[in-house]
Amino acid sequence: MINNDKHFCTCPMTKCPRHPFNHNEGCDPCIKNNLQHGKMPACMFKAVSENTDQVKEWTIKGFVEFYNNINKLK
């Protein structure tokens, strides 16, 4: 049985098979897949800003650029 009530995942892509709402393995499948592909999970971007409209690519480099751009605005 999958218990979604207590999971904190902020990823809006709930139809993804690796989303914690779709299995009982927590964030592990998502993080493992992202690391294998040189990407960052959406939750990391959302920790910087809820508005991810300006994200150009969901890569590690894209995360650094997003982070730096958001912090320039502060």
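## Starting in a loop: His37

Let's begin with His37, which sits in the loop between H1 and H2. The model here is a predicted one. Is His37 buried or exposed? His37 has a relative accessible area of 52%, so this residue counts as exposed, the cut-off being over 50%.

His37 also offers a useful distance to check on screen: its C-alpha atom lies 9.8 Å from that of Ile60, with the two positions 23 residues apart along the chain.

## The overall fold

Stepping back, the protein has three helices and zero strands, and its pattern along the sequence reads α-α-α. The helices are H1, spanning 28-36, H2, spanning 42-48, and H3, spanning 60-72.

How much of the protein is buried? Of its 74 residues, 28% fall in the buried class. The exposed surface comes to about 5600 Å², and carbon and sulfur atoms account for 55% of that area. As for contacts, take those between residues at least 6 apart in sequence: 8% of them link residues at least 24 apart.

## The nonpolar core

In soluble globular proteins, nonpolar side chains tend to be buried together. In this model, the largest nonpolar core has seven residues: Met40, Phe45, Val48, Val55, Phe63, Phe66 and Ile70. Both H2 and H3 contribute at least two residues to this core, and H3 provides the largest share, with three.

Phe45 is a good residue to centre the view on. Leaving aside residues up to four places away in sequence, which residues does Phe45 touch? Its partners are Met40, Thr52, Val55, Glu57, Trp58, Thr59, Gly62, Phe63 and Phe66. Among them, Met40, Val55, Phe63 and Phe66 are also members of the largest nonpolar core.

## The largest pocket

Now for the pocket. The largest one has a volume of about 370 Å³. It is lined by 20 residues, and those closest to its centre are Cys11, Cys30, Asn34, Pro41 and Ala42.

Which helices supply at least two residues each to this lining? H1 and H2 both do, and H1 gives the most, with four residues. Sorted by class, the lining holds 15 nonpolar residues, three polar ones and two charged ones.

## Cys16, ahead of the first helix

Our last stop is Cys16, found in the segment before H1. Cys16 has a relative accessible area of 23%, so this residue is partly exposed, since buried would need a value under 20%.

Cys16 can be placed relative to Cys30, one of the residues closest to the centre of the largest pocket. The two cysteines are 14 residues apart along the chain, and a distance of 9.1 Å separates their C-alpha atoms.

Terms used. Residues are numbered from 1 along each chain as its sequence is written. This is a predicted model: local features need pLDDT of at least 70, side-chain atom pairs count only at pLDDT 80 or more; totals for chains, interfaces and linings use all residues. Side-chain values use heavy atoms; hydrogens and water are left out. Buried means under 20% relative accessible area, exposed over 50%, partly exposed in between (1.4 Å probe, protein chains only). Contact means heavy atoms within 4.5 Å. Accessible areas come from the Shrake-Rupley method with a 1.4 Å probe; for residues, only the protein chains shown count as cover. On a 1 Å grid over the protein atoms alone, a cavity is a set of points where a 1.4 Å probe fits but cannot get out, and a pocket is an open set with protein on both sides within 12 Å along at least five of seven lines; lining residues have an atom within 4 Å of a point. Grid points are joined across faces, edges and corners, and a volume is the space filled by probe spheres set on the points. Ala, Val, Leu, Ile, Met, Phe, Trp, Tyr, Cys and Pro count as nonpolar, Asp, Glu, Lys and Arg as charged, and the others, Gly among them, as polar. A nonpolar core is a set of buried Ala, Val, Leu, Ile, Met, Phe, Trp, Tyr and Cys residues joined through side-chain atoms within 4.5 Å.
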